[in-house]
Amino acid sequence: MNSIRIGAGLGFYGDAWEPIAASIERGGVQFIASDHLAELTLAILQKDRQRDALLGYARDVVPLLLRLWPLMQRHGVRFVCNAGGLNPRGAATAVTAALAAKGLKARVAVVSGDDVLPRLQDAGAGFPHLFTGASADAVRERLVFANAYLGAAPIARALDEGADIVITGRVADAALFLGPIAHAHGWRIEGASEGAELDRLAQGLTVGHLLECSGQGSGGNFGAQGMWQSIPDLAHIGYPIAEVWADGSALITKAPGTGGRVNFDTVRQQLLYEVHNPHAYRSPDVVLDMGGIRLDDEGQDRVRLTGARGSAPGDQLKVVAGFRDGYKAEVTWGFSWPDAWDKSQQAQATIRTLLREKRIPHDELYVEYPGLNSAHGPLAPLPAPDALNQLNEVWTRLVLRTPDKAAADGFGRLFPWMGLSGPAYTCGFTGLHNVSELLGIWPTLVDRREVEAGVTVEWMEVAS
């Protein structure tokens, strides 16, 4: 096979699936790779799993495949996703049951082994915080999930063995794409050591990085001032597609007749997205040096990608762990002209007084002003009070963070009486009963040999 075409699926849990249909119908793709997970997503899935042990996966994968799998079958397209989240087997069970109920057939493979929670809970283990170096002892007893970022090898293996659909837990985002590319071209992943092998993997990793965020790789979320307005027809955006040759060179494009834009600027914006060190972008499969990458804009939504360089990955895998971190309650309170700013300050002082006098335990009362500083925070300094008091309205968001659930539950009760007895011309309260448990994130590293020894590819029953 001289070249293969792979298309972007979702970029997050709840993303739009309609553009995938255009890639299948008009984009000539053989694979779709869909990224449903973020660090935040695992926290959401953990809360689902707390309510129902059968959950813990990204539930959008079921309606997505019910709609798109018949289309994929007709066009010979195979599907890879990480929607398994904290429960990849549960996701595969739900998918196969849903497909069977519709009389659809698919060979489904499940990649698992990323769950490393028992290792982190071991009292004799280390696992310091990746950025602060803090000891995990402070959170060990409160840990509720811990998942290592797996690489592309088990995905490629599942495809080698004939999987139509591959469902994984936590894998590196770009590995969802590198796996099918390596499978299609017969690239070695595990044990790759030659320069040419590593450079090919680096090219494949770059392709995955450019496609992993759905429409962001084809002009969505494009932030260049004075240029973003030129991105056409975002209502019908086409997700990016990569045509990849056996030597790793690639062409980034999208399905004809779709909105969005693939050009030098949109691609380079995505290239540097979430990259700490462009000369050492680390993944479980290869370390990518972007320094020699060339992006040649060929026009007509076509950008050629060459020049990625790779080196061998290290002996550790990144882990994202979550721990119980108390509760939050939030209320948004509006004040109208005149003197809206001063009214907001008076109301905040009243709330702080009540928190103190009632001895309500809390770690923080966070305050921000939607429409003034909630987007840019300290990078958006507020106008002077006189100017603020001339605003038509000032909305104030107050968030209480507390280790005590009862304190969070009672926060909203501090507000309603001030509708008549507080500052004048209140616009209203929202969120008086908005309480949720907080999950903190603990990034760390784990020995890859301990993890990869437990990675499995499991086959579900063929839906019928």
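How many salt bridges does the structure hold? There are 23 salt bridges. This is a predicted model.

One salt bridge pairs arginine 89 with glutamate 458. Their closest N and O atoms are 2.6 Å apart. Arginine 89 sits in helix H4, residues 88-101, and glutamate 458 sits in strand E19, residues 456-459. These parts are 369 residues apart in sequence, so the pair ties distant stretches of the chain together.

Next, a pair of helices. Two packed helices are described by the angle between their axes and the distance between the axes. Helix H1 covers residues 18-26, and helix H3 covers residues 61-75. Their axes come within 10 Å and cross at roughly 10 degrees. Angles under 35 degrees count as roughly parallel, and H1 and H3 are therefore roughly parallel to each other.

Which residues of H1 and H3 meet? H1 brings Ile20, Ala21, Ile24 and Glu25. H3 answers with Leu64, Leu68, Leu71, Met72 and His75. By class, the residues of this contact are seven nonpolar, one polar and one charged.

Now the largest pocket. Its volume is about 1400 Å³. The lining of the largest pocket counts 45 residues. Nearest the centre of the largest pocket lie Tyr149, Glu274, Tyr281, Arg282 and Lys318. Strands E9, E14 and E18 each supply at least two residues of the lining. E14 gives the most, with four residues.

The table sets out the lining of the largest pocket by class.

| Class | Residues in the lining of the largest pocket |
|---|---|
| Nonpolar | 26 residues |
| Polar | nine residues |
| Charged | 10 residues |

Two details of the backbone remain. Where is the cis peptide bond? A cis peptide bond joins tryptophan 337 and proline 338, with omega at about 5 degrees. Proline 338 lies in the loop between E14 and helix H10, residues 340-357. E14 itself spans residues 316-336 and is one of the strands that line the largest pocket.

Asparagine 221 has a phi near 60 degrees. That is a positive value in a residue other than glycine. Asparagine 221 lies in the loop between helix H8, residues 195-211, and strand E7, residues 240-245.

Technical notes: Residues are numbered from 1 along each chain as its sequence is written. This is a predicted model: local features need pLDDT of at least 70, side-chain atom pairs count only at pLDDT 80 or more; totals for chains, interfaces and linings use all residues. Side-chain values use heavy atoms; hydrogens and water are left out. Axes are lines fitted to C-alpha atoms, for helices over the stretch in contact, and angles run from 0 to 180 degrees between N-to-C directions. Angles under 35 degrees count as roughly parallel, over 145 as roughly antiparallel, 65 to 115 as roughly perpendicular and the rest as oblique. Contact means heavy atoms within 4.5 Å. Ala, Val, Leu, Ile, Met, Phe, Trp, Tyr, Cys and Pro count as nonpolar, Asp, Glu, Lys and Arg as charged, and the others, Gly among them, as polar. On a 1 Å grid over the protein atoms alone, a cavity is a set of points where a 1.4 Å probe fits but cannot get out, and a pocket is an open set with protein on both sides within 12 Å along at least five of seven lines; lining residues have an atom within 4 Å of a point. Grid points are joined across faces, edges and corners, and a volume is the space filled by probe spheres set on the points. A salt bridge is a side-chain nitrogen of Lys or Arg within 4 Å of a carboxyl oxygen of Asp or Glu.
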